[in-house]
Amino acid sequence: METREHIYVGGNFVPSTGNGVIEVISPHTEEVIARVPDGTTGDIDAAVAAAREAFDDGPWPQLTPAERASYLSALSAEILANMDHWAGVISTEMGSPFGFSQMGQIYASTMVLDYYAGLAASYNFEEVRNGVMGPALVRREPVGVAAAIVPWNVPLFTTVLKLGPAFLAGCTVVLKPSPETPLDAYLLAEACEKIGLPKGVLNIVVAGRETGAYLVEHPGIDKVGFTGSTAAGKMIAAAAGKHLKRVTLELGGKSASIFLPDADLSVAVPQARGSGFLNHGQACVAQTRILVSRDRYSETVDALAEFTSSQIVGDPMDPATQIGPLVASRQRDRVENYIAVAQKEGGKIAVGGGRPASQSKGWYVEPTLVIDVDENSTIAQEEVFGPVVSVIAYDTPEDAVRIANNSDFGLSGSVFTADVATGIDVARKVRTGTYTVNAFALEFAAPFGGFKQSGLGREMGPEGLAAYLESKSISLPAGTVVPGVPIV
Ligand code: NAD
């Protein structure tokens, strides 16, 4: 049993102002594995004050981007050096399989930090434009104090997608992790201590949604970076809008993978491992609608069924495990309800649909393949967030694109085809923020985010940095030369 009694404010571990406790429950054993303070509005006040002081009076925004980048590199190296420990903590608190935790939760996070550290050298924080009326010095200044609010499914990764660009920009941050996954956030605080991050640059208060809402509304917050559900995102956008706070929202998805008639099934089907069943479906980018040509329907369903049946369910700490438990009992109820509704609405369970017999405890759901799904049915329209993939038949490639676009969401997607040019053509037509041809991938140097109700703004790439910057234009007398600043 791990017990934490402090929050992280102003570079110090200090007691919470309240007595509330969050119990962290293992999704595998259903036992309480840790207790941490349930952060209060008073804790948020203290965290925002520390972040404000570090931004308004501290050296942090005055450091050069290269100096701030050196902290990102040091943080990345510190995390990487302890990768297996961090991976084990995340697998234990939220159930993601250890192999995915190593690569998807931890290593990917260090890649994001390294990417932003590297961007310091090439990004123009200042440039001179020889404009219509004369020269203008264009500056990109930090937006101020940012609130980072993250979910439990990829807790560290969604955190560094905010810290990387925020720190490089010169912002200071108040992080509110999800109550389901506080333990990696404590590791992050300790890592920041170890690398000597200036005090107040990162402050962490673990708390629930009401306290999160208080953080969003806090007058000391200039920008909100949020990852989570579309429902919460809408509330946060409305709250931020009242004060015109800057906001980036990374929300839910219901992405489609199109198998064109000429797709190589030996390539396309195993990609479901990384897309539809990624983090056992607890991924915003999960491609949980597989669109299959009627001409190759039964052949494709057979291959998908064989693949789904082969997924290894078990203890998330076992390196062989591919499908772990869902994060919480309520999440399993929700997924089971979606499976029941899918059948009522005409879907057929080809594989799974129940609880695995091999697990006597834990919030497990079998990897499930639902076939003959209607494109307008609930399971085809709503985010399930569990190991459930639906197969929808289409008549023509144009029909496949139309079905892919028949969604309130637009976060991810893929197409599989023998002809890459055709794949690019399909990618251009699908209304979604990220897409892959013949693979499932995420590129950290390219913008990531959602069309439609999947979000607002972008993370990753230079676009993710721009989200933590304000542009300022300084018009200059003709002929002015600003030393060291590039003319574009
Ligand atoms: P959630 O929206 O319930 O909670 C996310 C975080 O926001 C938590 O820290 C929660 O305490 C906080 N929160 C909730 N309501 C709030 C409010 N009104 N004001 C301030 N904070 C609030 O989501 P979840 O169940 O933790 O995570 C799953 C969701 O996250 C899924 O919908 C998934 O698609 C989405 N997600 C999106 C991305 C992406 O990049 N697009 C990545 C991962 C997860």
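1. In which helix is Thr300 found? Thr300 belongs to helix 11, which covers residues 297-309. The model under discussion is a predicted one, and every point in this note should be read with that in mind.

2. The surroundings of Thr300 deserve a short description. With a relative accessible area of 2%, Thr300 is buried. A polar atom of the Thr300 side chain lies 2.6 Å from the backbone oxygen of Arg296. When neighbours within four places in sequence are left aside, Thr300 is in contact with Phe259, Leu265 and Val292.

3. Helix 12 comes next. This helix spans residues 329-344, a run of 16 residues. From its first C-alpha to its last, helix 12 reaches 23 Å, which is close to the 22 Å expected at 1.5 Å a residue. Just after helix 12, Gly346 takes a positive phi of about 105 degrees.

4. Which residues of helix 12 are buried? They are Gln331, Arg332, Val335, Tyr338, Ile339, Val341 and Ala342. These buried residues pack against four elements: strand 15 (348-351), strand 16 (368-371), helix 13 (378-381) and strand 17 (388-394).

5. The ligand has 25 residues around it, and those that come nearest are Val150, Arg209, Ser229, Leu251 and Glu383. Two of the nearest residues also appear in polar pairs with the ligand. For Ser229, an N or O atom in the side chain is 2.6 Å from an oxygen atom of the ligand. For Leu251, a polar backbone atom is 2.7 Å from a nitrogen atom of the ligand. In addition, a polar side-chain atom of Trp152 lies 3.1 Å from an oxygen atom of the ligand. On its own, the ligand has 830 Å² of accessible area, and the protein covers 92% of this.

6. The cysteines form the final topic. How many disulfides does the structure hold? The number is zero. Cys171 is in no disulfide, and the nearest cysteine sulfur to it, that of Cys192, is 15 Å away. Why is Cys192 without a bond to Cys171? The sulfur of Cys171 is the closest cysteine sulfur to that of Cys192, yet the two are 15 Å apart, which is too far for a bond; a disulfide requires the sulfur atoms to be within 2.5 Å. Both cysteines are nevertheless buried: Cys171 has a relative accessible area of 0%, and Cys192 has a relative accessibility of 1%.

Notes: Residues are numbered from 1 along each chain as its sequence is written. This is a predicted model: local features need pLDDT of at least 70, side-chain atom pairs count only at pLDDT 80 or more; totals for chains, interfaces and linings use all residues. Side-chain values use heavy atoms; hydrogens and water are left out. Helices (H or I, at least four residues) and strands (E, at least two) are DSSP runs, numbered from the N terminus. The expected span of a helix is 1.5 Å times one less than its number of residues. Buried means under 20% relative accessible area, exposed over 50%, partly exposed in between (1.4 Å probe, protein chains only). Contact means heavy atoms within 4.5 Å. A residue is near a molecule or strand if one of its heavy atoms lies within 4 Å of it. A polar contact is a pair of N or O atoms within 3.5 Å; within protein, one must be able to donate a hydrogen and the other to accept it, and residues adjacent in sequence count only if both atoms are side-chain atoms. Accessible areas come from the Shrake-Rupley method with a 1.4 Å probe; for residues, only the protein chains shown count as cover.
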